[in-house]
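Let us read this structure step by step, moving from the chain as a whole to its strands and then to single pairs of residues.

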Amino acid sequence: YITLKRESHIDLFQLRVPAAVFGEHAIGPDFEDENEDIRDFRRVKLGVPSDSVEAAVENYSNLQQALNEGKDLVLSPGIYPLQDSLEIKFDKQVILGLGYATLIAPQNGSSCIRVRPKLCGVRIAGVMLEASQRNGHRNAHSSSLLQWGDPSVNDPGDSKSPGVLSDLFARVGGTYRDVSTDVMVQLYSGNIYGDNLWLWRADHVQLNPGEEANFPSISSEYRQTVSGECQVKNGLVVHEGSSNVTMVGLAVEHTTEDQMVWSGDSGKVFFYQCELPYDADHDFVEKKYVGYRIGKSVHEHYASGLGIYSNFRDYDIKVRTAISHPVENDNKVRLRNIFTVKLDNKGQICSIVNGKGPGPKPDTPMGQPLRCEEETCGNFMSRECI
């Protein structure tokens, strides 16, 4: 966060970076300066939005040059079309957005932000990451809006100086419908802490001039997204080498395959909100996509407060289960306070975890949560799905 300090009749801005604290010291507010890294704005680059394509090219170059010099970035409110990824190269570098500064992904499929592996204490906060329109020249590798680490580098991270993602939003669609990426956020490095992430495939987009709404009974003000628009497979992918990742307040919505895939070990999630895509079809069911998938290589995982919802607008489908995890590691995968909800429309989610737990009955009211009473979720499954 930013403060203003008056010194010798001069107003000085400061970027304050709270240190990671642990144990009993991590509870409650802290008003002492000794737990903060106070940085003079002489080592901070203040970003200003571009007002033309030509200015955007120069703006990206200036922002990346500041990162190359080891400076932090503070981005003022507005839209920043990127020519290539903003790459963080130094320990403890910060990218801080004000007013949810929006970074639009490069059209070649590169990430908005890329964090090099083997860095500690990096902070990314207060930014919106937005997928770009296709230009026909996308990179062959899996594209994402944020990539932390590298698949070719084993990087467990630093438990004493973890990386931090806070108040990070990502969207695929909204203004435009011909936008895409493969994954919104993918993590290859370990010891990353996330706080308040919302990863959204648009369920509605802006109408083109003269266009009428395709579902006026829902709203005449916008177009409901349909299959083939706003393409993105997954919201969050935590790869196998990304161990000891913690997420507090995570939302993933409407992606076309598994909403989230967590393959890193010793992960923790506290509060997860997920809505499956409105346009999910029979292929979604046949490929057994879910709202929360824990990978087969995971030996230990903890999650609490998971809600996964359905609102299948287009097809009367029955998704077998909301959450999937490796059964052989059942005793070390702990899931607490988990539930599903049928919000509206057709179909249903038949069970809560691994085919267990209640599904809706014909007389179940719309919007009523269906919960597991215990971690094992019992052995029953909605008879409508068998």
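How far apart are the mean positions of the positive and negative charges of the chain? In this predicted model, the 39 positive and the 52 negative charges have mean positions that lie 3 Å apart. The surface can be described in a similar way, since the chain exposes about 18300 Å², of which carbon and sulfur atoms supply 49%.

The secondary structure consists of two helices and 27 strands. With a radius of gyration of 22 Å, close to the 21 Å that the globule rule gives for 386 residues, the chain is as compact as a globular protein of that length. Taken along the principal axes, the box filled by the C-alpha atoms is roughly 75 × 55 × 40 Å. Of the 386 residues, 51% count as buried, and among the contacts with a separation of 6 or more, 70% are between residues 24 or more positions apart.

We can now turn to the strands. Strands of a sheet pair through backbone hydrogen bonds, either parallel or antiparallel. One open sheet in this chain is formed by eight strands, in the order E7-E9-E11-E13-E17-E19-E21-E24, and its pairing is parallel. At the edges of this sheet stand strand E7 (86-88) and strand E24 (323-324), each of which has a single partner strand, so that one side of each is left without a neighbour in the sheet. Within the order given above, strand E13 (residues 183-187) and strand E17 (residues 234-238) run parallel and are joined by four bridges, and the residue pair leucine 187 and valine 238, the latter in E17, shows one bridge partnership in detail.

A further strand to follow is E22 (residues 301-310), which is mostly covered, given that nine of its 10 residues are buried. Strand E20 (residues 267-275) runs parallel to E22 and is joined to it by eight bridges, with lysine 268 standing opposite tyrosine 302 in E22. Strand E25 (residues 333-342) also pairs with E22 in the parallel sense, over nine bridges, and here glycine 307 stands opposite phenylalanine 339 in E25. E22 is thus a strand that can be traced through its pairing with E20 and its pairing with E25, while nine of its 10 residues are buried.

Methods: Residues are numbered from 1 along each chain as its sequence is written. This is a predicted model: local features need pLDDT of at least 70, side-chain atom pairs count only at pLDDT 80 or more; totals for chains, interfaces and linings use all residues. Side-chain values use heavy atoms; hydrogens and water are left out. The radius of gyration is taken over C-alpha atoms; the globule rule is 2.2 Å times the number of residues to the power 0.38. Buried means under 20% relative accessible area, exposed over 50%, partly exposed in between (1.4 Å probe, protein chains only). Contact means heavy atoms within 4.5 Å. Accessible areas come from the Shrake-Rupley method with a 1.4 Å probe; for residues, only the protein chains shown count as cover. Lys and Arg count as positive and Asp and Glu as negative; His and the chain ends are not counted. The place of a charge is taken as NZ of Lys, CZ of Arg, CG of Asp or CD of Glu. Two strands pair if DSSP finds at least two bridges between them.
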